[in-house]
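Welcome to a short tour, meant to be followed with your viewer open. Keep the selection panel at hand, and let us go from stop to stop.

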Amino acid sequence: MRAFAETFRSRRPALAIVLASASLSVAQANTGVEADKAAIAARLEAFAASFNARDAAGACAIFAPDLISTVRGRGDEGRDAVCKRIAAALAERGTEIRYAPDIQEIIVSGDLAVVRLVWHVSVRRGPTPRLAKEPGMDVFRRQPDGKWAISRFLAFSDAPD
């Protein structure tokens, strides 16, 4: 037993270094995840700001080249179709559409992230806006330039079927 205690005492500094390094690695990983979450949230806010300013190109900057969108009542669409639809909606001068994200959850794992959110949408075609909520889920993928972009999204209206 004495030999074990002496061995343990002699290795205690090395064990402390290993444990400290492990703790530091976990802290750094958590800091990286939090930075990724903040970057993703900022991308969603930038989308809303661009959309609300009628900047179709700025709004479409959030979408990855391999985007596939799934929206109730439409077939799956790619980036070009989604951006064309956004540009057409923003070109309607008698209509004002405004988006605001309500981010419910962001889960990051490596170069993929899943965002559960609700878009609050206001559509005005006259004096009174129509308000709606669009629950959805976005899958972000880190792009080669390091930016996060939406690769897949599911969006659903809160209107009854």
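Before the first selection, one definition: a pocket is an open set of grid points with protein on both sides within 12 Å along at least five of seven lines, and its lining residues have an atom within 4 Å of a point. Please also keep in mind that you are looking at a predicted model.

**Stop 1: the whole chain**

Colour by secondary structure to begin. The protein chain shows three helices and six strands, and reading along the sequence gives the pattern α-α-β-β-α-β-β-β-β. Of its 161 residues, 30% count as buried. Among contacts between residues at least 6 apart in sequence, 50% join residues at least 24 apart.

**Stop 2: the largest pocket**

Now switch on a surface and select Val-71, Arg-74, Arg-85, Tyr-99 and Glu-134. Of the 33 residues that line the largest pocket, these five lie nearest its centre. The volume of this pocket is about 790 Å³. Helices α1 and α3 (79-91) each give two or more residues to its lining, and so do the strands β1 (63-71), β3 (96-109), β4 (112-124), β5 and β6 (148-155). Which element gives the most to the lining of the largest pocket? Select β5 to see the answer: this strand contributes seven residues.

Try colouring the lining by residue class next. You should find 23 nonpolar residues, two polar ones and eight charged ones.

**Stop 3: Glu-77 and Arg-85**

Stay with Arg-85 from the pocket and add Glu-77 to the selection. The two side chains form a salt bridge, at 2.6 Å from N to O. Glu-77 sits in strand β2 (residues 77-78). Is Glu-77 buried or exposed? Its relative accessibility is 18%, and buried means under 20%, so Glu-77 counts as buried. Arg-85, at 30%, counts as partly exposed.

Show the surroundings of Glu-77 as sticks. Setting aside residues up to four places away in sequence, Glu-77 touches Leu-67, Ile-68, Ser-69, Val-82 and Arg-85.

**Stop 4: salt bridges on helix α1**

The bridge you have just seen belongs to a wider set: a search of the whole structure finds seven salt bridges. For another, select Lys-37 and Glu-34, whose side chains meet at 3.8 Å, N to O. Both residues lie in helix α1 (residues 2-52), three residues apart, about one turn of the helix. Lys-37 is partly exposed, with a relative accessible area of 25%, and Glu-34 is also partly exposed, at 47%.

Next, pick Asp-36 and Arg-142, which form a salt bridge at 3.2 Å, N to O. Asp-36 lies in helix α1 and Arg-142 in strand β5 (residues 130-142), so this pair ties together parts that are 106 residues apart in sequence. Asp-36 counts as buried at 13% relative accessibility, whereas Arg-142 is partly exposed at 25%.

**Stop 5: the largest nonpolar core**

Hide the charged side chains and turn to the nonpolar ones. In soluble globular proteins, nonpolar side chains tend to be buried together. Here the largest nonpolar core has 32 residues; select Ile-40, Leu-44, Phe-63, Ile-86 and Phe-140, which touch the most other members. The elements that give two or more residues to this core are α1, α2 (56-60), β1, α3, β3, β4 and β6. Strand β4 gives the most, with six residues.

Centre the view on Ile-86 and display its contacts. Apart from residues up to four places away in sequence, Ile-86 touches Phe-47, Phe-51, Ala-56, Ala-59, Cys-60 and Phe-63.

**Stop 6: His-120**

For the last stop, select His-120, which you will find in strand β4. At 32% relative accessibility, His-120 counts as partly exposed. Leaving aside neighbours within four places in sequence, His-120 is in contact with Arg-98, Tyr-99, Ala-100, Asp-102, Ala-132 and Lys-133. Tyr-99 may look familiar, as one of the residues nearest the centre of the largest pocket.

Finish with a distance label. How far apart in space are His-120 and Pro-135, C-alpha to C-alpha? The label should read 8.7 Å, for two residues that are 15 residues apart in sequence.

Methods:
Residues are numbered from 1 along each chain as its sequence is written. This is a predicted model: local features need pLDDT of at least 70, side-chain atom pairs count only at pLDDT 80 or more; totals for chains, interfaces and linings use all residues. Side-chain values use heavy atoms; hydrogens and water are left out. A salt bridge is a side-chain nitrogen of Lys or Arg within 4 Å of a carboxyl oxygen of Asp or Glu. Helices (H or I, at least four residues) and strands (E, at least two) are DSSP runs, numbered from the N terminus. Buried means under 20% relative accessible area, exposed over 50%, partly exposed in between (1.4 Å probe, protein chains only). On a 1 Å grid over the protein atoms alone, a cavity is a set of points where a 1.4 Å probe fits but cannot get out, and a pocket is an open set with protein on both sides within 12 Å along at least five of seven lines; lining residues have an atom within 4 Å of a point. Grid points are joined across faces, edges and corners, and a volume is the space filled by probe spheres set on the points. Ala, Val, Leu, Ile, Met, Phe, Trp, Tyr, Cys and Pro count as nonpolar, Asp, Glu, Lys and Arg as charged, and the others, Gly among them, as polar. A nonpolar core is a set of buried Ala, Val, Leu, Ile, Met, Phe, Trp, Tyr and Cys residues joined through side-chain atoms within 4.5 Å. Contact means heavy atoms within 4.5 Å.
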